[in-house]
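Please look through the structure shown here, and keep the sequence at hand while reading the paragraphs that follow. They move from one part of the fold to the next and end with the question of confidence.

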Amino acid sequence: MVAKKAKAAVATEKSGRRSRSAYFARREAAKILRSVLQGDERRQAIGSIKSLVYSPSVSNKRATFALVCQTLKYFPIIKDVLEFSDVLSNKWKRQKELMYIVAYDILFGQEAPLVGGDAEKFLLRQKEDLQSALAELLVRKKVKHIDQLISLYHPPDISKPCYVRVNTLRLDVDSALQEFEKQFLVQKDDLLPDLLILPPHTDLHNHHLIANGSVFIQGKASSMVGAALDPRPGWDVLDACAAPGNKTVHLAALMGGKGRILACELNKQRVNRLKDTIMLSGATNIEVLLGDFLSLDPKDRSFSKVRAILLDPSCSGSGTASQRLDHLLPSHSAEFVDAERLNRLAAFQKKALSHAFSFPAVERIVYSTCSVNQIENEDVVYSVLPLAASFGFRLATPFAQWYRRGFPTFEGSEHLLRTDPVEDKEGFFIALFVKQGAANSAEERNECGSIPDNPIQSNNKKYTIPDGKPMQSNNRRYTSPVLYNKLSRIWLHTYSTVPRRSIRQKAIKQRLWRVLNAPVKFGESASYDILLE
């Protein structure tokens with residue numbers, strides 16, 4: 001009898017601990033969900049779902065991550081059920097994220113008992129109404145099962161290996177490899193020496209090497225960005241859009257902790273995340289700058305020795321939507337591309353890349369995005385080629401052995417690097433600019449390409465852009481921002497009706513080239529609308 005009572009007491013204590021843990025996990029998940037939904041609505045996310053969940057401020061990471069992902073998975077259904085049942089008062093509507101979490105547990109959760117909170121008690125009293133609304137939704141959508149209902153909203157998951165980058169500031173690669181081999185099948189990446197590959201869906205979030213900053217969960221394409229910049233120990237390096245900081249601390253590791261890294265970030269909340277990442281990495285050579293990269297004065301003495309710039313600006317994130325779990329967000333249920341947003345992003349990206357060339361001592365610039373859209377990638381690079389040439393920069397080929405290059409939209413696009421979201425499991429774009437005459441490795445000198453003699457010249461080839469529509473790169477109208485000195489606006493046209501070798505066309509092209517190579521004043525711009533033959 002005593003033994004039975006003791007067992008019952010132990011079981012009760014365990015149940016109480018689970019209840020308390022679930023109670024706090026739901027509150028933490030509600031906070032994360034609020035940030036995710038607000039960022040998605042404004043199209044300006046503070047961070048990915050994973051980066052928000054795995055911040056140091058979240059204690060029960062596994063339970064919180066599961067709750068956020070599962071609630072988002074069922075989010076359209078939960079939202080409709082709450083709307084159809086009309087059970088939320090104004091008080092609870094102000095805490096709608098917590099209501100979404102609790103409603104998930106009531107309707108679809110299997111394990112955690114719902115005790116201990118007013119929100120849980122309130123929705124439990126409405127359980128029958130919620131279940132009736134769910135049954136009504138199944139009838140409206142003409143499906144019989146919940147799984148069929150979910151498939152109406154979300155695409156299937158794309159499985160990918162789990163990549164981890166060894167933070168060589170804390171641990172060497174071989175030691176990390178031996179440690180992971182105790183639990184997992186693991187191998188070294190054949191391209192990046194500090195990258196390890198583990199099986200898909202490997203759960204490392206409670207692993208001690210993650211907790212102490214010895215390794216970072218970071219995709220292969222993301223890790224290629226810092227390696228492409230290849231900063232040398234002792235250099236001054238500027239990370240223009242640094243948060244959440246994985247690429248920043250990778251630069252610190254590549255530099256062996258020597259030199260100085262200036263990490264610039266505009267968003268205050270993202271700065272906090274950046275500082276947490278830096279602290280976790282153990283890097284001591286990183287200075288955080290709260291401010292807009294475009295507002296930095298290249299003539300300021302603090303930037304006079306910057307020799308490398310990493311520019312990974314805000315982008316659509318279309319190449320990593322699956323990895324970031326963005327396919328769970330409400331905005332990704334839409335079947336159209338927000339062209340206006342893409343245009344705004346591309347305009348900012350062009351300004352930021354143009355600004356990077358103006359730092360006096362810079363020798364290497366990497367421009368990267370996690371987007372598959374040509375407007376954010378090749379088009380941005382193409383638009384700055386005249387400016388790059390005026391500052392003495394040329395395109396170089398990062399990772400010459402990599403098989404996937406840029407779309408052939410202009411002469412020199414073969415120097416650009418792409419990864420594919422399906423074949424490579426994430427879609428990234430990398431462009432490397434190197435200043436002519438800068439000291440580089442022999443291998444890189446062999447891979448450097450110059451800006452074309454006529455930077456407006458285009459290949460006469462067809463290619464396919466991500467939406468699958470073939471485009472002809474010849475006889476197309478291109479608009480390119482070009483800097484100028486005294487002219488306020490010039491429109492130059494060459495027409496296909498003029499013979500290719502005519503004196504008139506030759507004179508126009510020569511005039512254009514003189515303008516492109518004239519002395520310029522940074523910050524002034526003109527628009528040239530050119531019809532190429």
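In this predicted model, strand β5, helix α13 and strand β6 together make a β-α-β unit that is right-handed. Within that unit, β5 (236-239) and β6 (residues 260-265) run parallel and are joined by four bridges, one pairing being that of Asp239 with its bridge partner Ala263 in β6. Strand β5 also pairs in the parallel sense with β8 (residues 306-311), again over four bridges, and here Leu238 stands opposite Ile309. Strands of a sheet pair through backbone hydrogen bonds, in either a parallel or an antiparallel sense.

Which residues lie on the two sides of β5, and are they buried or exposed? Asp236 and Leu238 are on one side, Val237 and Asp239 are on the other, and all of these residues are buried, so that both faces of the strand are covered. The alternation can be read against a general rule, namely that side chains in a regular strand alternate between the two faces of the sheet.

The loops on either side of β5 hold two backbone features that deserve a careful look. After the strand, Pro244 has its place in the loop between β5 and α13 (246-254), and the peptide bond leading from Ala243 to Pro244 is cis, with omega near 5 degrees. Before the strand, Asp230 is found in the loop between α12 (220-229) and β5, where this residue, although not a glycine, has a positive phi of about 50 degrees. Asp230 has a relative accessibility of 32% and therefore counts as partly exposed.

A separate motif to follow is an open sheet of four strands, in which the order is β2-β3-β1-β4 and the pairing is antiparallel. Its edge strands, each pairing on one side only, are β2 (187-188) and β4 (215-217). Strand β2 is joined by two bridges to β3 (residues 195-198), the two running antiparallel, and Gln187 has Ile197 of β3 as its bridge partner. The loop between β3 and α11 (208-211) is the place of His201, another residue that is not a glycine and yet has a positive phi, in this case of about 65 degrees. Because its relative accessible area is 62%, and exposed means over 50%, His201 counts as exposed.

From the strands one can turn to the packing of nonpolar side chains, which in soluble globular proteins tend to be buried together. The largest nonpolar core has 47 residues, and those that touch the most other members are Ile77, Ile78, Val81, Leu88, Phe108, Leu123 and Leu130. Several helices give two or more residues to this core, including α1 (2-42), α4 (75-85), α7 (118-125) and α8 (127-140), while α6 gives the most, with nine residues. Leu88 shows the packing in one place, since apart from residues up to four places away in sequence it touches Leu82, Lys93, Met99, Phe122 and Leu123. A second core, separate from this one, has 38 residues, and among its members are Ile197, Ala242, Val249 and Cys370.

Cys370 also appears in a record, as UniProt lists this residue under "active site" in an unreviewed entry. In the model, Cys370 is found in the loop between β9 (364-369) and α16 (378-390), and because its relative accessibility is 17%, where buried means under 20%, the residue counts as buried. Leaving aside neighbours within four places in sequence, Cys370 is in contact with Cys315, Gly317, Ser318, Gly319, Thr320, Gly427 and Phe428.

For the protein as a whole, the secondary structure comes to 18 helices and 16 strands, and buried residues make up 51% of the 533 residues. Of the contacts between residues at least 6 apart in sequence, 74% join residues that are at least 24 apart.

How far can the coordinates be trusted? The mean pLDDT is 78, and 71% of the residues reach 70 or more. Over residues 452-509, however, pLDDT stays under 50, although the model has 114 contacts for this stretch beyond four places in sequence. Residues 511-533 likewise have pLDDT below 50, with 68 contacts in the model beyond near neighbours in sequence. Where pLDDT is low, the predicted coordinates should not be read in detail.

Definitions and conventions:
Residues numbered from 1 in each chain as written. Predicted model: local features only at pLDDT ≥ 70, side-chain atom pairs only at ≥ 80, totals over all residues. Heavy atoms only, no water. Pairing = 2+ DSSP bridges. Core = buried A, V, L, I, M, F, W, Y, C linked by side-chain atoms within 4.5 Å. Buried < 20%, exposed > 50% of the residue type's maximum accessible area, 1.4 Å probe, protein only. Contact = heavy atoms within 4.5 Å. pLDDT = per-residue confidence, 0-100. UniProt positions renumbered as here; feature names shortened; annotations may be inferred. Right-handed = clockwise from strand over helix to strand, strands pointing away.
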